[in-house]
Amino acid sequence: MSKVKISVAKGDGIGPEIMDAVLSIFDAAKTPLEYEFVDMGKGVYDKGFTTGMTDDAKISVEQTGILFKGPMETPKGGGVKSINVTARKTWNTHSNIRKFKSIKGVDTVFSKAGIPIDITIVRENIEDTYGGIEHYMTKDVAVSRRIISRPGSEQVIRSAFETALKEGYKKVTCGHKANIMKLTDGMFLDTFYRIAKEYPQLIADDVIVDALCMKLVYAPQQFECVVLTNLQGDIVSDLCAGLVGGLGFAPSANLGDHIKIFEAVHGTAPDIAGKNLANPTSLLLSGTIMLNQMGLEEFGGAIRDALIKTIDLGFHTGDFGADRSSAIGTKEFAQEIINNLDLSKIIDTDAEKYHKPTSLAQNRMMISSNDEIETVGVDLFIASEQQPAEIAEIVQAHLDSDMEVTTITNRGTQVWPSGSVFTDLVDAYVVRIEKNTTNEVKKKRFMEQAIRLYDQLNIGSIEMLITINGERKYSLAQGQKVNALS
Ligand code: NAI
């Protein structure tokens, strides 16, 4: 049987133990994989690589297209980036898929109530606040930029619909907060319903993320596949892990168009590392998803069945099970899974459908529209301890006649031209200047206006205000009235 090469990083802490256990099960199942072991994680940071991966590891993953990894430790303190986040972002694994399914033998409140759970959370993996674009604006105010893009949203939402089809689900739900974040989550939600039209066989609906959390705890069986932006997806997927007995039972796949990363969702568990106590289930389940994704479904299915049978027979590591005194070690648990492997169903040896790596000559530019953009104003982010009216007076004294100050805000709340003295202020304001004519005002003029005000105000940054096809694409301040021209 021809073999498929994958890159394997064992990771830190319990990583090597659980990876060895999982690979021993793969080998016993005669899975046609060839492992290229690569260095990533703590040892690599210690050698001075601030990304946590060696150049050889990067080359290997880009050549094989598959990274199977154990948990890795990111050193605390500045200067180094999390290897996990770096890997997901660098290789554009846009969709984090976590499957939460009740496992017989793992007791939860829902299993005891006879309520089966089968939910897949598809979390956007690149954008959102995970862009890590943060600054101090003033001595008292830090800001984070939350980037949501239309092409990025399209990728993850399409993944969600494809996953739903593969899993045999009937419904895909979009979790969001578009009632508050009208442009970012609004774009995500619009994109969701646009892509949904391509999948008429699936029901598409949406729910606000806070209500989603309540409903997941109250009646999880009403959800099948749920797609969310990055941070919301991160939180909701841990909530779902709790529904099925904890993180140890939740596999995770990071899918990109070219590279895919499969990993356990838990960390390195330093408290039990090297003691043969760790539970390899999460990594093994991620491994079975990897096999399914690589076109090796028969192997993935046989291994999953063996795992479920083993747990059902009462074998367990020390982190779960009703009677903790009967726990067995990592190696022994893997051996029981091997004993329960039934390879008789593996008949498909069609190597043609196995995963094949792609090679790219240059970065792909993802553009999803040719819409017309017009700049209609500028937001000035300033540091000031003055009162709003004093700031307005300064700006108005230096404004071109075809522009006006439409609002001054503090932490997003309008404090000028109207507001309340009960709004407490911090030392960072946003002064919004918009054109007051239907004529075009060149973008450069708003820049020049900002520069002219630079001597009067302590400007930290500016943000251009745009319309797309005539539609306003910037948020109104809390309390701001719509400008007659916008
Ligand atoms: P953790 O998940 O490593 O441990 C939390 C608790 O769960 C500990 O009591 C641990 O013993 C237990 N536990 C975790 N996995 C287990 C397993 N397979 N079997 C039995 N018990 C298990 O989380 P923690 O302590 O917050 O993080 C430790 C380190 O792991 C940190 O350096 C963190 O950065 C890293 N980490 C790495 C991740 C990754 O590589 N994807 C994800 C999360 C954390």
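**Note on the helices of a predicted model**

1. Helix α1 has 14 residues and reaches 20 Å from its first C-alpha to its last, close to the 20 Å expected at 1.5 Å a residue. The helix covers residues 15–28. The model under review is a predicted one, and the points below should be read accordingly.

2. The buried residues of α1 are Gly15, Glu17, Ile18, Met19, Ala21, Val22, Leu23, Ile25 and Phe26. Their packing partners comprise three strands, namely β1 (4–9), β2 (33–37) and β3 (66–69), together with the helices α10 (281–293), α11 and α12. After α1 comes Lys30, which has a positive phi near 55°.

3. One of these partners, α12, consists of residues 330–339, and its axis comes within 9 Å of the axis of α1, with a crossing angle of roughly 15°. Angles under 35 degrees count as roughly parallel, and α1 and α12 are therefore roughly parallel to each other. Their crossing is right-handed.

4. Which residues form the contact between α1 and α12? On the α1 side they are Glu17, Ile18, Ala21, Ser24, Ile25 and Ala28, and on the α12 side Thr330, Ala334, Ile337 and Ile338. Sorted by class, this contact has 7 nonpolar, 2 polar and 1 charged residues. Glu17, Ile18, Ala21 and Ile25, which take part in the contact with α12, are also among the buried residues of α1.

5. Helix α12 also meets α11, which spans residues 297–312. The axes of α11 and α12 come within 8 Å and cross at roughly 115°. Since 65 to 115 degrees counts as roughly perpendicular, that angle makes α11 roughly perpendicular to α12. This crossing, too, is right-handed.

6. In the contact of α11 with α12, Ala306, Leu307, Thr310 and Ile311 of α11 meet Phe333, Glu336 and Ile337 of α12. By class there are 5 nonpolar, 1 polar and 1 charged residues. Ile337 of α12 thus deserves attention: this residue meets α11 and also belongs to the contact with α1.

7. Asp312 lies in α11. Is Asp312 buried or partly exposed? The relative accessible area of Asp312 is 39%, and the residue is therefore partly exposed, given that buried means under 20% and exposed over 50%. Asp312 and Thr268 are 44 residues apart along the chain, and their C-alpha atoms are separated by 26 Å.

8. Helix α10, another packing partner of the buried residues of α1, has 13 residues, which should span 18 Å at 1.5 Å a residue; the end C-alpha atoms are 18 Å apart, in agreement with that expectation. The helix is mostly covered, with 11 of its 13 residues buried. These are Thr281, Ser282, Leu283, Leu284, Leu285, Ser286, Gly287, Thr288, Ile289, Met290 and Leu291. Gly295 follows α10 and has a positive phi near 90°.

9. Helix α9 runs over residues 230–243. With 14 residues, α9 reaches 20 Å from its first C-alpha to its last, close to the 20 Å expected at 1.5 Å a residue. Its buried residues are Asn230, Gln232, Gly233, Val236, Ser237, Cys240, Ala241 and Leu243. Just after α9, Gly245 takes a positive phi of about 110°.

Conventions: Residues are numbered from 1 along each chain as its sequence is written. This is a predicted model: local features need pLDDT of at least 70, side-chain atom pairs count only at pLDDT 80 or more; totals for chains, interfaces and linings use all residues. Side-chain values use heavy atoms; hydrogens and water are left out. Axes are lines fitted to C-alpha atoms, for helices over the stretch in contact, and angles run from 0 to 180 degrees between N-to-C directions. Helices (H or I, at least four residues) and strands (E, at least two) are DSSP runs, numbered from the N terminus. Angles under 35 degrees count as roughly parallel, over 145 as roughly antiparallel, 65 to 115 as roughly perpendicular and the rest as oblique. A crossing is left-handed if the near helix is turned anticlockwise from the far one by less than a right angle, and right-handed if clockwise. Contact means heavy atoms within 4.5 Å. Ala, Val, Leu, Ile, Met, Phe, Trp, Tyr, Cys and Pro count as nonpolar, Asp, Glu, Lys and Arg as charged, and the others, Gly among them, as polar. The expected span of a helix is 1.5 Å times one less than its number of residues. Buried means under 20% relative accessible area, exposed over 50%, partly exposed in between (1.4 Å probe, protein chains only).
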